[in-house]
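This report looks at one sheet and at the surroundings of one residue within it. Please keep the sequence and the structure in view while reading.

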Amino acid sequence: MSFVIISIVGIGTILFIIFLLKSFLFPRKMVTINNLIKSGKHQSAIKIAKQLLAKDQSNPELHYLLGQAYNLSGKPDLALMEYNKVNKIGQFEGIINEQAFRKAIAALFIQFNQDEEALKEYLLLIKKDPYNSDYQYLVGSLFEKRGNVDNAMSHYQKAIELDKRNDKAHFYLGKLYYSLKKLPQAKSEMEEAVKYNPENSQAIFHIGKINKDSHNFAGAIQAFEKAQKDPELKIKSIIEKGICSMISGKNDVAITEFERIIRLSKEANESEILHARYFLATCFENERKVLDAIEQWEAINAKKPNFKDVPQKLAQYQDIRTEDVMKDFLIEGNDKFLEMCLKIIDIKGYSQQDSKIIKNGCQIVAVDKSAGKWRNIKVQSTLINFFRMTDPVDESHMRTFIEEMKKQNIIKGIVYSASDFNRKALAFIENRPVDIVTKEQIIEELKKIT
């Protein structure tokens with residue numbers, strides 16, 4: 001009997017000693033893992049942590065340390081698995097700092113596009129630290145991704161209230177204002193973002209966009225000049241500078257910018273090259289360098305058919321691509337162009353009384369040659385306009401033409417168009433003494449004079 005008692009006491013003593021040893025050694029191993037992580041020996045930390053977890057899967061500290069080691073060794077997917085186990089256990093004690101843990105797991109959720117889970121974590125962080133500006137900004141960005149603009153703006157504004165130097169909150173709030181077409185508020189926030197972070201190239205770029213939309217082209221170009229120092233924004237900024245120059249009538253400057261992008265093709269993506277060519281073609285078209293414009297449209301069409309209105313442009317100028325006479329008519333200088341128009345009216349039986357160059361064409365006052373044969377008949381003048389613009393002649397052009405007829409007391413008119421006439425223009429002259437001549441007829445008459 002005494003032997004049994006002694007045996008039981010002995011076993012109990014041994015178990016107690018083992019328990020004491022484990023209680024003493026286990027925390028030391030945890031410290032060892034933590035020190036290995038801090039010293040950058042992540043694989044060793046992973047090995048020890050996995051060995052310990054094989055014996056105790058319910059220990060949140062081990063899962064936390066293993067997650068840290070995985071994350072720092074470039075295995076974020078495995079890190080997230082371990083952090084999720086910590087979250088499931090729900091015990092944040094010992095080596096685990098709950099705020100640091102939630103911040104880390106939220107960042108991993110964002111990395112793996114689990115925005116809903118990330119939002120839950122940041123909302124918990126806000127409850128624990130309501131005065132943290134960065135948490136408010138991050139919650140705002142996640143609400144924005146969900147399309148919840150009101151909540152996003154509210155959290156961005158809260159972030160700024162807590163820390164007016166939070167340039168990211170200023171920037172993203174400015175972007176929301178910009179998307180809502182609230183340009184003054186957007187510009188104010190972007191300027192605040194740059195004030196607190198002069199290296200915020202995205203904010204500088206958006207200031208350029210806002211200035212462009214407000215028709216402050218000089219201010220826009222100045223901003224884009226600064227933004228293009230950022231390699232990621234270089235090509236976009238040059239394109240925007242070119243557009244500003246084009247809109248403000250500085251075609252030569254715009255052409256230089258767009259041609260520069262094409263030369264930098266190795267730095268630009270395909271979309272940027274296509275847009276540069278498209279705007280370059282627009283500049284050439286404005287300058288009546290139609291063949292150069294066609295060259296750009298054809299280059300675009302070869303890469304991406306149906307890009308913007310390029311197929312329509314190529315169809316519109318099909319005659320130039322196949323008819324040399326129409327090419328000359330559209331691209332010759334004003335003097336040569338007027339000479340061609342006078343030759344056309346000559347073979348149509350008219351003689352010139354007066355002529356002048358007008359915007360997108362010329363205007364001629366002429367008389368019927370045959371009318372001069374009759375002595376007692378008063379010779380009536382005819383007003384003739386030639387348009388060589390790319391867009392169809394619209395109602396406003398026809399109204400101006402009719403007003404000019406009235407002003408000169410002329411009762412008959414003829415309008416030639418190298419493009420077309422839109423429906424409103426045709427409806428306006430339906431019951432008026434005006435004849436129209438289409439592109440196809442112009443080609444036939446040009447062939448006669450050549």
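What follows describes a predicted model, beginning with the sheet and ending with a single side chain.

The sheet is open and is formed by five strands in the order E1-E2-E3-E4-E5, with mixed pairing. Strand E1 (350-358) and E5 are the edge strands, each of which pairs on one side only, and from one strand to the next the twist averages 20°.

Strand E4, residues 412-417, pairs with strand E5, residues 434-437, in the parallel sense, and four bridges connect the two. Between E4 and E5 the chain passes through helix H22 (residues 423-428), and the resulting β-α-β crossover is right-handed. Two of the facing residues across this pair of strands are set out below.

| Residue | Facing residue in E5 |
|---|---|
| Gly413 | Val434 |
| Tyr416 | Val437 |

Lys412 also lies in strand E4. Is Lys412 buried, partly exposed or exposed? Because its relative accessible area is 33%, which falls between the 20% limit for buried and the 50% limit for exposed, Lys412 counts as partly exposed.

Leaving aside residues up to four places away in sequence, Lys412 touches Tyr350, Ser381, Thr382, Leu383, Met405, Pro433 and Asp435. With Tyr350, the side chain of Lys412 makes a polar contact of 3.2 Å. Pro433, another of the residues touched by Lys412, is 21 residues away from Lys412 along the chain, yet the C-alpha atoms of the two are separated by 5.4 Å.

Definitions and conventions:
Residues numbered from 1 in each chain as written. Predicted model: local features only at pLDDT ≥ 70, side-chain atom pairs only at ≥ 80, totals over all residues. Heavy atoms only, no water. Pairing = 2+ DSSP bridges. Right-handed = clockwise from strand over helix to strand, strands pointing away. Buried < 20%, exposed > 50% of the residue type's maximum accessible area, 1.4 Å probe, protein only. Contact = heavy atoms within 4.5 Å. Polar contact = N/O pair within 3.5 Å; in protein donor to acceptor, adjacent residues only side chain to side chain. Axes fitted to C-alpha atoms, helices over the stretch in contact; angles between N-to-C directions.
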